[in-house]
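Work through the exercises below with the sequence and the structure side by side. Try each task before reading its solution.

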Amino acid sequence: SALFCEGLEEFVESPNYAEGMKTLVELDREITRCIKNIDVPGLFEATGLYHQTVYKTSGNSYLVELSRRVHFHHYNRQIVDTVGFKRLAKLATVYAGATKALLKHDGKKACALIRVQIPAIVELLNQSDSMQINTSKKR
């Protein structure tokens, strides 16, 4: 998340800001659509592309490549299965706030909005791990 936040701050200074911002606005709409339609694969795809767009626009080719190679869909699916889509979707709405801040060239505010969600995301991940462990113990 620190790298993502750093990317948000660099995003607003990028010479590719306008093109990146256009993509983020479209992805933010897609994230909202996925949440409304309970489209789990779509939500994971859109949030992944959101991150890749920030990295690409910020000029961080390493994180672009890493985010393309690492597929977290199986882990995200486990989270949805154990803690529920509504809780995950609530956290995903942070992208709307970050997009609004970036539209105002405020990378620091976008970063702050993302960081507020980190404890809740960590809690979901911990619950998912804990529930997976508890489930496997019952078998």
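The exercises that follow concern a predicted model and deal with helix pairs, backbone angles and surface residues.

**Exercise 1.** Which relative direction do helices α2 and α7 have, roughly parallel or roughly antiparallel?

Solution.
- Step 1: locate the helices. Helix α2 covers residues 17-36 and helix α7 covers residues 94-103.
- Step 2: take the geometry. Their axes come within 10 Å and cross at roughly 155°.
- Step 3: apply the cut-off. Angles over 145 degrees count as roughly antiparallel, so α2 is roughly antiparallel to α7.
- Step 4: add the hand. α2 and α7 cross in a left-handed sense.

**Exercise 2.** Classify the pair α3 and α7 by direction: roughly parallel or roughly antiparallel?

Solution.
- Step 1: the axes of α3 and α7 come within 12 Å, with a crossing angle of roughly 30°.
- Step 2: an angle under 35 degrees counts as roughly parallel, and α3 and α7 are therefore roughly parallel to each other.
- Step 3: the crossing of α3 past α7 is left-handed.

**Exercise 3.** Where are Ile38 and His105 placed, and what is the sign of phi at Ile38 and at His105?

Solution.
- Step 1: Ile38 lies in the loop between α2 and α3, the latter being residues 40-58. Its phi is positive, about 50°, although Ile38 is not a glycine.
- Step 2: His105 sits in the loop between α7 and α8, where α8 is residues 107-138. His105 is not a glycine either, yet has a positive phi of about 60°.
- Step 3: check exposure. Exposed means over 50% relative accessible area; Ile38 has 55% and so counts as exposed. His105, with 46%, is partly exposed.

**Exercise 4.** Which residues make the nonpolar surface patch of about 280 Å², and is Tyr62 buried or exposed?

Solution.
- Step 1: the patch is formed by Tyr62, Leu66 and Val70.
- Step 2: Tyr62 belongs to helix α4, residues 61-69.
- Step 3: the relative accessible area of Tyr62 is 59%, so Tyr62 is exposed.

**Exercise 5.** How many residues along the chain separate Asn60 and Glu10, and what is the separation of their C-alpha atoms?

Solution.
- Step 1: Asn60 is in the loop between α3 and α4.
- Step 2: Asn60 and Glu10 are 50 residues apart along the chain, and their C-alpha atoms are separated by 9.5 Å.
- Step 3: with 25% relative accessibility, Asn60 counts as partly exposed.

How values were computed:
Residues numbered from 1 in each chain as written. Predicted model: local features only at pLDDT ≥ 70, side-chain atom pairs only at ≥ 80, totals over all residues. Heavy atoms only, no water. Patch = residues over 30% accessible without salt bridge, like charges linked within 9 Å, V, L, I, M, F, W, Y side chains within 5 Å. Areas by Shrake-Rupley, 256 points an atom, 1.4 Å probe, with all protein chains shown as cover. Salt bridge = Lys/Arg side-chain N within 4 Å of Asp/Glu carboxyl O. Helix = DSSP H or I, 4+ residues; strand = E, 2+ residues; numbered from the N terminus. Buried < 20%, exposed > 50% of the residue type's maximum accessible area, 1.4 Å probe, protein only. Axes fitted to C-alpha atoms, helices over the stretch in contact; angles between N-to-C directions. Parallel < 35°, antiparallel > 145°, perpendicular 65-115°, else oblique. Left-handed = near helix turned anticlockwise from the far one by under 90°.
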